[in-house]
Amino acid sequence: MNRFAALLDRLAFEPRRNAKIALIADFFRNTPDPERGYALAAMTGGLVFPQAKAGLIRQLIAERTDPVLFALSYDYVGDLSETVALLWPARAFSPEESFAAPSLSGVIETLATAHKSALPKHLAGWLDALDETGRWALLKLITGALRIGVSARLAKTAVAQLGGLEPDAIEQVWHGLLPPYEDLFAWVEGHGPMPEARDPAPFRPPMLAHAIEDGDFARLDPADFTAEWKWDGIRIQAASGIDAAGKRITRLYSRTGEEISNAFPDLLDALGFDGAIDGELLILREGRVQSFNVLQQRLNRKQVSAKLIADFPALIRAYDLLIDGADDLRPLPFAERRARLEARLAEHRSAKLGLSALIPFGTWEELAAARADPASAGAEGDAEAVEGCMIKRRDSPYLPGRPKGLWYKWKRDPRVIDAVLMYAQRGHGKRSSFYSDFTFGVWRNEGGTEGLVPVGKAYFGFTDEELAALDRFVRKHTIDRHGPVRVVEANAEAGLVLEVAFEGLNRSTRHKSGVAMRFPRISRIRWDKPAREADRLETLERMLASAEVTSPA
Amino acid sequence: MKPADLLFPRPEGLYCPAGGFFIDPVRPVERALITHGHADHARAGHGAVLATRKTLAIMAVRYGDSFAGSRQEAVLGERLPINNVTVSFHPAGHVLGSAQIAVEAGGTRIVVSGDYKRASDPTCQPFEIVPCDVFVSEATFGLPIFRHPDAGREVARLLASQALFPERAHLVGAYALGKAQRIVRLIRQAGYDRPIHVHGAMEKLMAFYSSEGVSLGEIVPVRATDRARLKGEIILCPPGSLQDLWSRKFPDPVTAFASGWMQTRARARQRGVELPLIVSDHADWPDLCRTIRETGCSELWVTHGQEDALVHWAATQGIRARPLHLVGYGDDGEAEPVSGEQAA
Ligand SMILES: [Zn+2]
Ligand SMILES: [Zn+2]
């Protein structure tokens with residue numbers, strides 16, 4: 001466990017993708033089975049520990065520390081697992097006691113089999129025997145908060161690197177395998193047979209697009225391209241096939257290859273044919289595709305109940321067909337794949353699986369007009385869920401990764417306003433020692449009095465240096481506190497202006513201002529701008545009204 | 001004599017009226033006793049300075065020969081009368097030349113520890129316990145979460161990273177006085193004998209440590225032209241240089257930072273560090289508590305740092321404790337990089 005913990009600790013600080021892969025591969029190379037296999041399972045999201053709760057951890061630390069010292073420490077560190085890892089007292093072991101640090105496999109096996117009542121004793125014993133990094137990793141792992149910037153794909157890439165393989169080779173066999181993946185490592189390292197690709201519905205790495213630049217249009221001939229809407233949902237891959245027992249297996253994957261089938265059981269029977277579809281997962285209500293806001297509400301729920309499914313009915317808008325029956329279509333040009341997709345969906349009708357329409361256009365100007373007004377250009381009632389256009393070369397094969405010159409995305413311009421910082425709250429995890437959650441407002445006149453009304457909250461958009469500067473500003477200009485929230489000086493004379501970019505606006509009865517922003521982020525800190533010159537609520541209302549013209553509510 | 005009459009805080013620093021001197025004053029004064037050479041404790045421009053020979057030499061390296069009107073050398077362990085009090089200097093284990101200062105009068109002894117640590121450090125003399133009535137302690141790492149690991153283990157992590165990424169330069173941010181030399185010694189003790197490259201700002205103090213018999217091996221100053229060629233090398237620089245333009249010319253650098261603050265992940269992240277090395281010049285929590293107990297003091301005064309927790313702990317041990325709220329200390333490279341609350 002200590003070795004795995006040291007790896008996680010190092011990964012948490014390493015921003016470079018290649019360096020992460022090198023660190024993980026080095027760990028796999030130097031760690032025996034089954035330990036490395038469980039580590040792979042932990043990194044690919046294959047482990048769940050339902051019993052371990054923050055409450056238990058708090059109780060264990062309360063039994064061992066002075067409450068005042070704990071409170072001061074927790075306030076300083078900000079993260080419970082890390083505070084406990086740092087504070088956990090060293091214990092002297094008697095000679096007859098075992099004090100060997102637990103292995104990851106030992107922890108996993110015990111958690112899977114032990115009775116709930118035995119959990120406190122096991123956990124305390126492990127924390128006694130581990131070092132600080134080990135304790136931190138253990139607590140993060142069992143509370144499901146292991147955020148180390150490693151995707152399943154990245155971990156599999158590291159496995160591939162052990163044997164000089166392509167990551168796709170791992171994907172091909174992955175879904176037939178189970179932790180601790182001894183057969184996989186044996187094959188990759190050249191002393192075992194290739195695991196049988198038993199999975200009839202494997203993940204295939206997706207093809208990604210580049211953001212189009214203004215200068216690109218001059219070089220590109222519109223006749224070489226097709227265009228379709230860029231949906232504001234989640235990109236998914238749906239794969240289906242018949243397993244050895246003759247049973248149909250259908251799986252849904254996220255863009256990074258995490259399986260999300262359990263979250264969308266209502267979609268699994270939509271794909272009743274052997275194949276793999278690339279498409280967008282969206283919510284459809286009363287015949288209209290909903291904004292990401294609505295989809296977000298379904299994604300936020302842990303329990304997928306019948307009511308949730310009924311309230312948030314999901315569907316797939318398909319835009320590509322990768323596998324059709326026994327045929328791998330990926331080497332074919334897009335135009336041919338598109339024809340096969342249309343034929344396939346015409347034959348296999350399902351309310352939950354539809355075609356993502358093409359946008360007719362002859363010139364880039366025409367496409368620009370469609371992008372500016374999707375409702376009039378065919379998206380109609382679904383326009384609210386359109387965030388731009390996708391532009392694809394007619395002759396492009398389906399290549400994993402982000403190949404140049406084939407696919408482009410052309411997002412609608414994010415909207416921007418100048419707002420005034422009003423409240424700040426400490427962040428979580430890595431940012432726990434900073435004021436990093438910012439509530440901002442705009443001016444409005446209420447009953448003859450000019451005042452700020454909050455219109456949103458932003459957590460990101462700034463660099464680390466800017467965060468440090470914002471944190472300093474908040475600490476220096478606090479005029480009041482309400483629990484964890486600091487009220488920051490904000491009036492016409494003194495206040496900090498934040499340029500806030502956002503993706504969309506909604507009317508909201510929950511907000512005092514009557515508007516809610518989608519994806520607000522701080523695009524610039526306007527140290528130079530006087531607070532009185534920030535935007536007014538009327539500006540947002542105008543934006544909202546013009547959005548409602550293009551997508552009637 | 002009541003301890004609070006013998007020594008008390010004034011805006012300039014801790015003042016001893018019976019002796020007519022300040023300890024580590026933050027503004028120019030007539031007569032100053034200096035615990036060690038870090039800039040927040042040793043400032044230029046005093047009338048007369050009393051400090052250990054090494055501290056005086058460090059001040060001369062940093063501020064030039066005319067850093068004070070006159071200077072006097074304090075010999076460790078020797079008792080020296082000044083007006084109506086007796087003072088003596090004792091090793092503090094913090095950096096080369098660092099000392100605690102004991103002040104005695106009328107049967108009362110107060111020990112001002114300055115900055116100190118108990119962990120082993122091959123570049124300076126180890127801390128010595130001086131029994132006293134009042135112990136004046138810093139609290140830079142005065143929270144029980146601070147338990148600094150063995151510094152050798154941290155340096156082993158640096159060398160392991162260098163072995164894993166032999167094509168990347170390893171930039172180590174470390175304060176120029178004390179921390180940098182300790183890191184170099186630890187690297188040498190781990191058996192690494194290739195040249196170690198240092199930022200220009202560190203050259204003088206490296207040479208000074210060498211002249212004092214701390215063997216640092218081959219130290220090579222980094223010249224602007226060779227940065228691109230330092231693939232796989234270890235380069236030490238002041239912490240501030242990790243983020244500035246200077247660091248960008250190195251080949252795909254791994255940035256490390258050696259500081260006690262690296263113990264919490266949020267702070268390491270905030271510095272943009274990829275390889276946080278927990279190496280501290282200050283006592284960690286267990287060592288603060290142990291030291292206070294071992295002095296046998298009945299009263300504890302806390303100078304700077306996280307005083308709340310230490311004052312609370314002392315009360316649970318039956319030791320009267322109070323914070324002195326001294327300002328101006330803590331910017332010696334261990335200081336909090338951003339958050340205004342802990343930095344002095
Ligand atoms: Zn110091
Ligand atoms: Zn200091």
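These are my notebook entries on a predicted model with a chain A and a chain B.

**Entry 1: confidence**

I started with chain A. Its average pLDDT is 86, and 95% of the residues score at least 70. Then I looked for weak stretches. Over residues 549–553 of chain A, pLDDT stays under 50. The model has seven contacts for that stretch beyond four places in sequence. I leave those contacts alone, because predicted coordinates should not be read in detail where pLDDT is low.

**Entry 2: chain B in outline**

I counted elements next. Chain B has eight helices and 19 strands. It has 344 residues, of which 53% count as buried. I also looked at contacts in chain B with a separation of 6 or more: residues 24 or more positions apart account for 59% of them.

**Entry 3: the six-stranded sheet of chain B**

I traced one open sheet in chain B with six strands, in the order 1-2-3-4-5-6. The pairing is mixed. Which strands stand at the edges? I found strand 1 (8–10) and strand 6 (68–74) there. Each has a single partner strand, so one side of each is left without a neighbour in the sheet. Neighbouring strands here are turned by 35° against each other on average, direction ignored.

I followed one pair in detail. Strand 5 (residues 46–52) and strand 6 of chain B run parallel and share six bridges. One of the matches I noted is B:His46 with B:Ala68 in strand 6. Helix 2 (residues 53–63) of chain B packs on this sheet and touches strand 5 and strand 6. The helix direction makes about 130° with that of strand 5 of chain B.

**Entry 4: the seven-stranded sheet of chain B**

I then traced another open sheet in chain B. Seven strands line up in the order 7-8-9-10-11-18-19, again with mixed pairing. At its edges I found strand 7 (79–82) and strand 19 (320–323), each paired on one side only. Neighbouring strands of this sheet are turned by 25° against each other on average, direction ignored.

Inside the sheet I checked strand 10 (residues 108–112) and strand 11 (residues 134–139) of chain B. They pair in the parallel sense over three bridges. B:Ile110 has B:Val134 of strand 11 as its bridge partner.

Which helices pack on this sheet? I noted helix 7 (residues 285–295) of chain B, which touches strand 10, strand 11 and strand 18 (299–305). Its direction makes about 170° with that of strand 11 of chain B. I also noted helix 8 (residues 307–316) of chain B, which touches strand 11, strand 18 and strand 19. The direction of helix 8 makes about 170° with that of strand 19 of chain B.

**Entry 5: where the chains meet**

How many residues does each chain bring to the contact? I read 26 from chain B and 26 from chain A. On the chain B side, helix 6 (265–270), strand 17 (275–277) and helix 8 each supply at least two residues. Helix 6 of chain B gives the most, with six residues. By class, the chain B side has 13 nonpolar, seven polar and six charged residues.

**Entry 6: helix 5 of chain A**

I looked up helix 5 (residues 67–77) of chain A. Its buried residues include A:Leu69, A:Ser73, A:Tyr74, A:Tyr76 and A:Val77. Why do I say they line one face of the helix? Seen down the axis, the buried residues fall within an arc of 160°, so they line one face. They pack against helix 6 (80–87) of chain A together with helix 8 of chain B. After helix 5 of chain A comes A:Gly78, with a positive phi near 85°.

**Entry 7: strand 5 of chain A**

My last stop was strand 5 (residues 275–285) of chain A. Buried are nine of its 11 residues, so the strand is largely enclosed by the rest of the structure.

I listed these partners:

- Strand 3 (residues 234–242) of chain A runs antiparallel to strand 5, with seven bridges. A:Ile236 stands opposite A:Gly279.
- Strand 7 (residues 314–324) of chain A pairs antiparallel with strand 5 over nine bridges. A:Asp278 has A:Asp320 as its bridge partner.
- Strand 6 (residues 288–289) of chain A is joined to strand 5 by two bridges, also antiparallel. A:Leu284 is matched with A:Val289.

Strand 5 and strand 6 of chain A form a hairpin with two residues between them. In that turn, A:Glu286 has a positive phi of about 45°.

Terms used:
Residues numbered from 1 in each chain as written. Chains lettered and ligands numbered in written order. Predicted model: local features only at pLDDT ≥ 70, side-chain atom pairs only at ≥ 80, totals over all residues. Pairing = 2+ DSSP bridges. Helix = DSSP H or I, 4+ residues; strand = E, 2+ residues; numbered from the N terminus. Axes fitted to C-alpha atoms, helices over the stretch in contact; angles between N-to-C directions. Contact = placed C-beta atoms within 7 Å. Buried ≥ 20, exposed ≤ 12 C-beta atoms within 10 Å, placed from the backbone. Arc of directions from axis to C-beta. Nonpolar A, V, L, I, M, F, W, Y, C, P; charged D, E, K, R; others polar. pLDDT = per-residue confidence, 0-100.
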